Amino acid sequence: MIFKRQAQPGWMAITLQAQHVCLAHVVRAQGAAPRVALLDRAPRAATESETDTLTQLRRSASLQRFRCTTALDHGSYQFVQLNAPAVPDDEMKAALRWSVKDALDFPAEHAVIDLLRVPAGGATQGQAPQAFAIAARREKVAERMQAFQKAQVPLHTIDIAEVAQRNVAALFEQAGRGLALLTINERGGLLTFTRDGELYAARRIDADPAAFGDAAEVSRREAALERIGLELQRSLDNFDRQFSQIALQRLLVCVPTGCRALLAYLGQNLYLPVETADLGAVLDLRDAPMAADPDQQVNWLQAIGLALRDEAA
């Protein structure tokens, strides 16, 4: 199916979760904060297919007028950081498939492989060039593409959560300084390290927001806080070893409502300044007031990050 060039500027991101779907349309303008022109969230029935969900959204939001992007579910791919194979560019994906085969929990021949290079600047002297191998289950990619095709929604790209979070982190960075961003939602935690809009490291963290929420039992909350604090300290130390030439400016945290204890704990136990990531400070949210509350922003961050793709991408 061939779609004509869409009239609407920017990107429309569509994130499909088991119980809900989010839409985020972001428009960039030179010299101004990116504008979130549309933000919406709708429930999904357990029996509703992705095609049915997308068909309804196409009708209600006129999705055929947009360049659309989406993200793979976390269980559909693996994100592996490794030494970049020393081969020509046209042989890189084949080399990556061989390099990551033992790290995958599914056969490498069933994977769609993509590459994201780690910038050479900032690494400890003598360290081999780094890269991220994105290995997605071929059948999961095909299923997602087919759902969009059947619903007649123009899908231009499929991305991943790590890249979406990088796009958001770039808005908070100070030139030449590194930034750590931690997000936690019902699917767990994601920690990214970026500088000048580039991703240098990322890792998933086993974290349940209910365990360290204000309503949690004290002993359970204390244990959860200690565990996540230790995980973050190890991650920070590892980043410092790998990228000793990058000075981290701060750790930004985006968590659900009721997790203030986490912010206080990290602020007292980490060497970096710890702050709440407030999207309202870096985005124009006049058309998306539901995202103005920092305690609710984690629900929208991935969709907004996907829609923050470069205009020319």
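# Close-up views of a predicted model

Ala224 is buried, with a relative accessible area of 4%. Like everything shown in these legends, this value comes from a predicted model.

**View 1. Ala224, a buried residue of helix H5.** Let us start with the helix that spans residues 218-242, H5, where Ala224 is found. Which residues does Ala224 touch once its neighbours within four places in sequence are left aside? They are Ala211 and Phe212. Another residue to look for in this view is Pro209, which is 15 residues from Ala224 in sequence, with 9.2 Å between the two C-alpha atoms. The relative accessible area of 4% places Ala224 among the buried residues, because buried means under 20%.

**View 2. The whole protein, for orientation.** Before going further into the details, here is a quick look at the overall fold. Seven helices and 13 strands make up the secondary structure of the protein. The radius of gyration is 20 Å, which agrees with the value near 20 Å that a compact globule of 313 residues would have. Along the principal axes, the C-alpha atoms fill a box of roughly 50 × 50 × 45 Å. Of the 313 residues, 51% are buried. Contacts between residues at least 6 apart in sequence join residues at least 24 apart in 66% of cases. The accessible surface comes to about 15,000 Å², and carbon and sulfur atoms account for 48% of this area. As for charge, there are 34 positive and 37 negative side chains, and the centres of the two sets are 5 Å apart.

**View 3. Leu179, a buried residue of strand S9.** Strand S9 covers residues 178-185, and Leu179 has its place there. Is Leu179 buried or exposed? Leu179 counts as buried, because its relative accessibility is 0% and the cut-off is under 20%. Not counting residues up to four places away in sequence, Leu179 touches a set of residues that includes Ala169, Phe172 and Glu173. Thr192, Phe193 and Thr194 are also among the residues it touches, as are Leu248, Gln249, Arg250 and Leu252. Val218 makes a useful reference point: Leu179 and Val218 are 39 residues apart in sequence, and their C-alpha atoms are 31 Å apart in space.

**View 4. Thr157 and its polar contact with Thr69.** Here the view moves to strand S8, residues 155-159, which holds Thr157. The side chains of Thr157 and Thr69 are joined by a polar contact of 2.6 Å. Beyond its neighbours within four places in sequence, Thr157 is in contact with Trp11, Cys68, Thr69, Thr70 and Arg309. Thr69 therefore appears in both roles, as a contact of Thr157 and as its polar partner, where contact means heavy atoms within 4.5 Å. With a relative accessible area of 15%, Thr157 is buried.

**View 5. Asp284 and Val298, two residues of one loop.** Asp284 is found in the loop between S13 and H7, and Val298 has its place in the loop between strand S13 (274-276) and helix H7 (301-307). Asp284 is buried, with a relative accessible area of 14%, and Val298 is buried too, at 7%. What joins the side chains of Asp284 and Arg286? A polar contact of 2.6 Å does. Leaving aside neighbours within four places in sequence, Asp284 is in contact with Ala33, Pro34, Arg35 and Val36. Val27 is 257 residues from Asp284 in sequence, yet the two C-alpha atoms are 9.7 Å apart in space. On the same basis for neighbours, the contacts of Val298 are Thr183, Ile184 and Asn185, together with Cys254, Val255 and Pro256. From Val298 to Pro256 there are 42 residues in sequence and 6.2 Å in space, C-alpha to C-alpha.

**View 6. Gln152 and Asp196, two residues with positive phi.** Most residues other than glycine have a negative phi. Gln152, which is not a glycine, has a positive phi near 60 degrees. Its place is the loop between helix H3 (138-151) and S8, and at 41% relative accessibility Gln152 counts as partly exposed. Asp196 also has a positive phi, of about 50 degrees, although it is not a glycine. Where does Asp196 lie? Asp196 is in the loop between strand S10 (188-195) and strand S11 (198-205). With a relative accessible area of 48%, Asp196 is partly exposed.

Key: Residues are numbered from 1 along each chain as its sequence is written. This is a predicted model: local features need pLDDT of at least 70, side-chain atom pairs count only at pLDDT 80 or more; totals for chains, interfaces and linings use all residues. Side-chain values use heavy atoms; hydrogens and water are left out. Helices (H or I, at least four residues) and strands (E, at least two) are DSSP runs, numbered from the N terminus. The radius of gyration is taken over C-alpha atoms; the globule rule is 2.2 Å times the number of residues to the power 0.38. Buried means under 20% relative accessible area, exposed over 50%, partly exposed in between (1.4 Å probe, protein chains only). Accessible areas come from the Shrake-Rupley method with a 1.4 Å probe; for residues, only the protein chains shown count as cover. Lys and Arg count as positive and Asp and Glu as negative; His and the chain ends are not counted. The place of a charge is taken as NZ of Lys, CZ of Arg, CG of Asp or CD of Glu. A polar contact is a pair of N or O atoms within 3.5 Å; within protein, one must be able to donate a hydrogen and the other to accept it, and residues adjacent in sequence count only if both atoms are side-chain atoms.
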